[in-house]
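Here is a quick tour for someone meeting this structure for the first time. Have a look at it below, and then we'll walk through it piece by piece.

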Amino acid sequence: MVKNSFISVMVQKKKEENCGSVEFQVFCFTNKIRRLTSHLELHRKDYLSQRGLRKILEKRQRLLAYLSKKNRVRYKELISKLNIRESKNR
């Protein structure tokens, strides 16, 4: 549950900033991914949620690829803050 408190602190901080930024969008997708992952641990055969999770993962991956091309420093900071792995393509 420590991650949830960290996420809620970041939400309050990010809402004051630009809500359309790539970092905020990746942050929101990461939050949704974590919620869906915990849901799928309980409901393994929920195939619609699995499909939604895959779509959100793909969207987040595209945004991260865009951010890594445009600004590598912001990309590295975001990955370390959200505690997600770097893509193997990079």
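## Starting from a buried ring

Let's begin with Phe27, which counts as buried because its relative accessibility is just 3%, under the 20% cut-off. Bear in mind as you read on that this is a predicted model. Phe24 is buried as well, with a relative accessible area of 12%. Both residues sit in helix α2, which covers residues 22-42, and they are 3 residues apart, about one turn of the helix.

How many aromatic pairs does the count come to? The count comes to 1. That pair is made by Phe24 and Phe27, with ring centres 6.2 Å apart and planes at 40 degrees to each other. The pair counts as tilted, because that label covers angles that are neither under 30 degrees nor over 60.

## The overall layout

Stepping back, the protein chain has 4 helices and 0 strands, so along the sequence you simply read α-α-α-α. Of its 90 residues, 33% count as buried. The chain exposes about 6800 Å², and 54% of that area comes from carbon and sulfur atoms.

Now for the contacts between residues with a separation of 6 or more in the protein chain: 51% of them are accounted for by residues 24 or more positions apart.

## How confident is the prediction?

The mean pLDDT of the protein chain is 85, and 79% of the residues reach 70 or more. Which elements have the lowest and the highest mean pLDDT? Helix α1 (residues 2-16) has the lowest, at 55, while helix α3 (residues 47-70) has the highest, at 96.

## Helix α2 and its buried side chains

Helix α2 has 21 residues, which should span 30 Å at 1.5 Å a residue; the C-alpha atoms at its ends are 31 Å apart, in agreement with that. Its buried residues are Val22, Glu23, Phe24, Val26, Phe27, Phe29, Thr30, Ile33, Leu36 and Leu40.

Val26 is worth a closer look. This residue belongs to helix α2 and is buried, with a relative accessible area of 0%. Leaving aside residues up to four places away in sequence, Val26 touches Arg60, Leu63, Leu64, Leu78 and Leu82. Val26 and Leu64 are 38 residues apart in sequence, yet their C-alpha atoms are 7.4 Å apart in space.

Lys32 also lies in helix α2, but this one is partly exposed, with 37% relative accessibility. It has a sequence-distant partner to look at too: Lys32 and Leu53 are 21 residues apart in sequence, and 8.3 Å apart in space from C-alpha to C-alpha.

## Helix α3 and what it packs against

Helix α3 has 24 residues and reaches 35 Å from its first C-alpha to its last, close to the 34 Å expected at 1.5 Å a residue. Its buried residues are Ser49, Leu53, Ile56, Arg60, Leu63, Leu64, Ala65, Leu67 and Ser68.

What do the buried residues of α3 pack against? They pack against α2 and α4, the latter covering residues 72-82. Three of the residues that Val26 touches can be found on that buried list: Arg60, Leu63 and Leu64.

## Two cysteines, no bond

The structure holds 0 disulfides. Why is Cys19 not bonded to Cys28? The sulfur of Cys28 is the closest cysteine sulfur to that of Cys19, but the two are 7.9 Å apart, so they are too far away for a bond; a disulfide needs the sulfurs within 2.5 Å. Looked at from the other side, Cys28 is in no disulfide either, and its nearest cysteine sulfur is that of Cys19.

Are these cysteines buried or exposed? Each is partly exposed: Cys19 has a relative accessible area of 40%, and Cys28 has 27% relative accessibility.

## An unusual backbone angle

One last stop is Asn83, in the segment after α4. Asn83 has a positive phi of about 60 degrees although it is not a glycine. For background, most residues other than glycine have a negative phi. Asn83 counts as exposed, because its relative accessibility is 60%, over the 50% cut-off.

Notes:
Residues numbered from 1 in each chain as written. Predicted model: local features only at pLDDT ≥ 70, side-chain atom pairs only at ≥ 80, totals over all residues. Heavy atoms only, no water. Helix = DSSP H or I, 4+ residues; strand = E, 2+ residues; numbered from the N terminus. Buried < 20%, exposed > 50% of the residue type's maximum accessible area, 1.4 Å probe, protein only. Contact = heavy atoms within 4.5 Å. Areas by Shrake-Rupley, 256 points an atom, 1.4 Å probe, with all protein chains shown as cover. Phe/Tyr/Trp six-rings, centres within 6.5 Å; stacked < 30°, edge-to-face > 60°. pLDDT = per-residue confidence, 0-100. Expected span 1.5 Å × (residues − 1).
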